[in-house]
Structures are given as structure tokens and as C-alpha cells.
Amino acid sequence: MPVGNRTFTISTLWILVWFAWKRRQAESAMRLMNENLEETVAERTRELAGINQALVSEVTERMQVEHALRLSEGRLAGILDMAEDAIIVTEQDRSISLFNQGAAKLFGYDRDELLGQPIDLLLPEQVRVDHTSHIDAFILVPESARHMAQRREVLGLRKDGLEFPAEASISSLTV
């Protein structure tokens, strides 16, 4: 029996050596995978840092542009309010979207009373149909000769109900 026992011990020893060798191979492979993973993580982190920096730059630039736009809009609003002439801007549905101080003085309304309201509130009843037809014709064929320079006589209607003659021009603005 001792001979058989010895064979079993040598075989067991070879198996243990083989397992140790396989374990070292697995550990080596895991170390290599870990190094590759760390390298990949570091590379992705660098990429994300670059992307983040680009985003920060874009956001900063956008904030600067938005600030400049707000300043420009404020200047334009100030200029429009300083104008003695009535300046009224309407949307396609004919609702008032801008009503300057000149218009407020002429028509007797506060700006906030008319924003979003139909332009027809500023016209006597008897001229509304004619005015609407004129605007419809302009929308269909906006002749460049009628822009700003050509004025036409209209009747206006003050808040207090007083009708008054006025000159008006229409222009199309596409932004």
C-alpha cells in the first residue's frame, strides 16, 4: 500500500501545482484586465473632462449672448418708448404685442391694458371692416413701396371714445 499511497500523493501534488499555476494565470489575467480597465476609465474620464469643459464654454458663451440680447432688447424698448410717434406691433392674429408710450399718449390706454388685445379696439366700428380688408390685402401682397414711407389716413379711437384722424403705415417684419 505505501506505493499506492505515494502515487496518490504525487498525483495530488501535481493537481495542486496545476491549480496553483492556473490560479497564477487567472490572477495575471485579472491584473491585466484591471490595468486595462483602469486605463479605459482614465481615458473616459479625460474625454468626459474635455466634453465638460466644452459644455461649460458653450454655456458661458450662451449666457453672454443672452445677456447681450437682453441689453439690446432693453435698448430697443427704450428707443421705442422715447418715440413720440405711436408704434404698435401686432401678431398675425392681429393681437397687440408692442404698444409704446407714444401710442399710450395718443390712444389714452396704458400699455398693459392692450397687450394681447385685438388692434380693432383702437378703431371706430365703422372703419374696422375696411381696415381688416386693407390688412388682408397687404398680407397677400406686401408691396415693398408701402413699407414705412407710404402712409394712409385712418380714424383712431381713444379709450374715452373720442375718434380722431391719424396717419398710419404698415410694414411686415419677419424675424
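Rings of Phe, Tyr and Trp (its six-membered ring) count as a pair if their centres lie within 6.5 Å, and planes under 30 degrees apart are called stacked, over 60 edge-to-face and the rest tilted. With that in hand, Phe99, Phe107 and Phe164 can be introduced as one aromatic cluster.

This is a predicted model, in which local features need pLDDT of at least 70, side-chain atom pairs count only at pLDDT 80 or more, and totals for chains, interfaces and linings use all residues. Residues are numbered from 1 along each chain as its sequence is written, and side-chain values use heavy atoms, with hydrogens and water left out.

**The chain as a whole**

The protein chain has 4 helices and 4 strands, in the order α-β-β-α-α-α-β-β along the sequence. Here helices (H or I, at least four residues) and strands (E, at least two) are DSSP runs, numbered from the N terminus. The predictor's confidence in each residue is its pLDDT, from 0 to 100; the chain averages 85, and 89% of its residues reach 70 or more. Among the elements, α2 has the highest mean pLDDT (94) and α4 the lowest (83).

Of the 175 residues, 14% are buried. Buried means under 20% relative accessible area, exposed over 50%, and partly exposed in between (1.4 Å probe, protein chains only).

**The core and its rings**

Which helix supplies the largest share of the largest nonpolar core? To begin with, this core has 12 residues, including Ile96, Tyr109, Leu114, Val154 and Ala166. A nonpolar core is a set of buried Ala, Val, Leu, Ile, Met, Phe, Trp, Tyr and Cys residues joined through side-chain atoms within 4.5 Å. The largest share, 3 residues, comes from α2. At least two residues each come from β2 (96-99), α2 (101-107) and β4 (163-168).

The cluster residues Phe99, Phe107 and Phe164 also belong to this core. Phe99 and Phe107 are both buried, and their rings form a tilted pair, 6.4 Å centre to centre with 45° between the planes. By the ring rule, there are 3 aromatic pairs.

**A hairpin beside the core strand**

Strand β2 also pairs with β1 (residues 88-90): the two run antiparallel and are joined by 3 bridges. Strands pair if DSSP finds at least two bridges between them. Val89 has Leu98 of β2 as its bridge partner. Between the strands of this hairpin lie 5 residues, and Arg94 there takes a positive phi near 70°.

**Three residues and their neighbours**

The table shows contacts (heavy atoms within 4.5 Å).

| Residue | Touches, not counting residues up to four places away in sequence |
|---|---|
| Tyr109 | Phe99, Ala104, Leu114, Leu121, Leu122, Leu157, Arg158 and Lys159 |
| His131 | Ile119, Asp120, Leu123 and Arg152 |
| Gln101 | Asp81 and Arg111 |

Is His131 buried or exposed? This residue of helix α4 (residues 125-140) counts as buried because its relative accessibility is 15%.

Gln101, found in helix α2, is partly exposed, with a relative accessible area of 32%. The C-alpha atoms of Gln101 and Ala86 are separated by 7.2 Å, while the two residues are 15 apart along the chain.
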